[in-house]
Each structure stands twice: as structure tokens, then as C-alpha cells.
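User: Hello! I would like a close look at one part of this structure, the salt bridges. Please then set them in the context of the rest of the chain.

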Amino acid sequence: MPPNHHNPHEAIQPDFAADKSVQAHLALMERAIAEEAQAAKKARTLASAAEELLCQQEQVEKDAALTKECKKHKTKFTSVLNAKVPLEPICLPAQYTLKQMEGGNYVELYYFTNLGIAEAEEVTTAPSNGMYVWKQKEDRSHSLVKASSAKRGLKNDPTPNEKLSWEQFFEATP
């Protein structure tokens, strides 16, 4: 066993209230505070870098999802050109045309032209047993008439799609 030179119980206790001890204590405290501040700054830097990386990853995932969605639904994401606002009222298909389509029958584009819509509005699809139907007059107002007095068919056969003029075709396609 090594020889024991001094007894710790007999040692003089240092005076921690002395100026020398206070200065050493302050130096240690400043050093600890500086280290804590540096560690906190480093932690903030790492946290902001991690958050930035997470935001970038989320943006990449959103872009990939949008690209996939664009490929899947191309018509949904087509750009809209500078189109003029329509000045004419929008014409809806006549009841005759809608009934033909509901029945699964082929409907020529003629029924969607302005002339075809006007002509088809005069045609009734209701039975004539005392029922009334809407009919459009010359002044474009509507009135109720007996189904028996309304027309049962078109005055002329509808124009085939191949013989429609370009103006009629562009009226019908929207």
C-alpha cells in the first residue's frame, strides 16, 4: 500500500467567499453560460435546418402528387385561354332532345344547333290524354297548351351531322 502523506480531515477548508474564489467562480460560470448559449444556438441551427429539410421534402411530395394528378386527369388541368364572355344567352337542349338521350337513342348534332333547339322545343314528348305541355311562342315567351295540339314530330328531318355548316357545328359542340 502506498504511504498516506496527509489526512483529508486535517486539511484546511478553502474560503469560497474570498476574492480569489469569487473570481474563479465567476470565470467558471461565464464559461458554462457561454457553452450553454453555444449549445442552444447550435440546437436552434440544427432544428431550423431539419425544419427546412422537412419543408423541402413536403414540397417535393406535393409536386410529385400534382404531377401524378396532372397526368391522370389531363383535361382537368388544361390552361384556359383568354376567352370572351358570351354575349348571347346559353341555349339548353329541348325536352325532346333530353328525352331521346335518356332513352339511349342517338341524337344528331342538329338538335343542339339554335335552329334545332327552336324546332325541338315545339315537339311534345308527353302523352295527349288531357295533359298540358310548355310551348314557346314567336316572342320567345312560354305558355301551357294541350299536348294534343302540340306537334308530335319535327317539321323537317334533322340535318345529318356530315351536312352541318361549320357555324352550325360550332353552335352545337359546346
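Analyst: Happy to. A salt bridge, as used here, is a side-chain nitrogen of Lys or Arg within 4 Å of a carboxyl oxygen of Asp or Glu. Side chains of opposite charge can pair when their charged atoms come close. Please keep in mind that this is a predicted model. With that cut-off, the structure holds three salt bridges.

Let us begin in helix α1, which covers residues 19-72. Glu 35 and Arg 31 join their side chains there in a salt bridge, at 3.6 Å from N to O. Both partners belong to this helix and sit four residues apart, about one turn of the helix. As for their surroundings, Arg 31 is exposed because its relative accessible area is 56%. Glu 35, with a relative accessibility of 45%, is partly exposed.

The next bridge involves Glu 69 and Lys 76, whose closest N and O atoms are 3.9 Å apart. In terms of accessibility, Glu 69 is partly exposed, as its relative accessible area is 28%. Lys 76 has a relative accessible area of 58% and is therefore exposed.

The remaining bridge takes us to helix α2, residues 95-102. The side chains of Lys 99 and Glu 102 form it, with 3.9 Å from N to O. These two residues are three positions apart in the helix, so about one helical turn separates them. Lys 99 counts as partly exposed because its relative accessibility is 41%, while Glu 102 is exposed at 62%.

Now for the chain around these pairs. There are four helices and two strands, and along the sequence they come in the order α-α-α-β-β-α. Of the 174 residues in the chain, 13% are buried. The chain exposes about 15300 Å², and carbon and sulfur atoms supply 58% of that area. If you take contacts between residues at least 6 apart in sequence, 47% of them join residues at least 24 apart.

Cysteines are worth a quick word as well. The structure holds zero disulfides. Cys 55 is partly exposed, since its relative accessible area is 43%. Cys 70 is partly exposed too, with a value of 27%.

Aromatic side chains add another part to the picture, with a count of four aromatic pairs. One of them is made by Tyr 110 and Tyr 111: the ring centres are 6.0 Å apart and the planes meet at 70°, so the pair is edge-to-face. Tyr 110 is buried because its relative accessibility is 4%. Tyr 111 is likewise buried, at 8%.

Trp 166, Phe 169 and Phe 170 form one aromatic cluster. These three residues also make a nonpolar surface patch of about 380 Å². Phe 170 belongs to helix α4, which spans residues 166-172. With a relative accessible area of 53%, over the 50% cut-off, Phe 170 counts as exposed.

To bring this back to your request, here are the bridges again. Glu 35 pairs with Arg 31 at 3.6 Å, Glu 69 with Lys 76 at 3.9 Å, and Lys 99 with Glu 102 at 3.9 Å. Helix α1 contains both Glu 35 and Arg 31, and helix α2 contains both Lys 99 and Glu 102.

Note on methods
Residues numbered from 1 in each chain as written. Predicted model: local features only at pLDDT ≥ 70, side-chain atom pairs only at ≥ 80, totals over all residues. Heavy atoms only, no water. Patch = residues over 30% accessible without salt bridge, like charges linked within 9 Å, V, L, I, M, F, W, Y side chains within 5 Å. Areas by Shrake-Rupley, 256 points an atom, 1.4 Å probe, with all protein chains shown as cover. Buried < 20%, exposed > 50% of the residue type's maximum accessible area, 1.4 Å probe, protein only. Contact = heavy atoms within 4.5 Å. Disulfide = S-S within 2.5 Å. Phe/Tyr/Trp six-rings, centres within 6.5 Å; stacked < 30°, edge-to-face > 60°.
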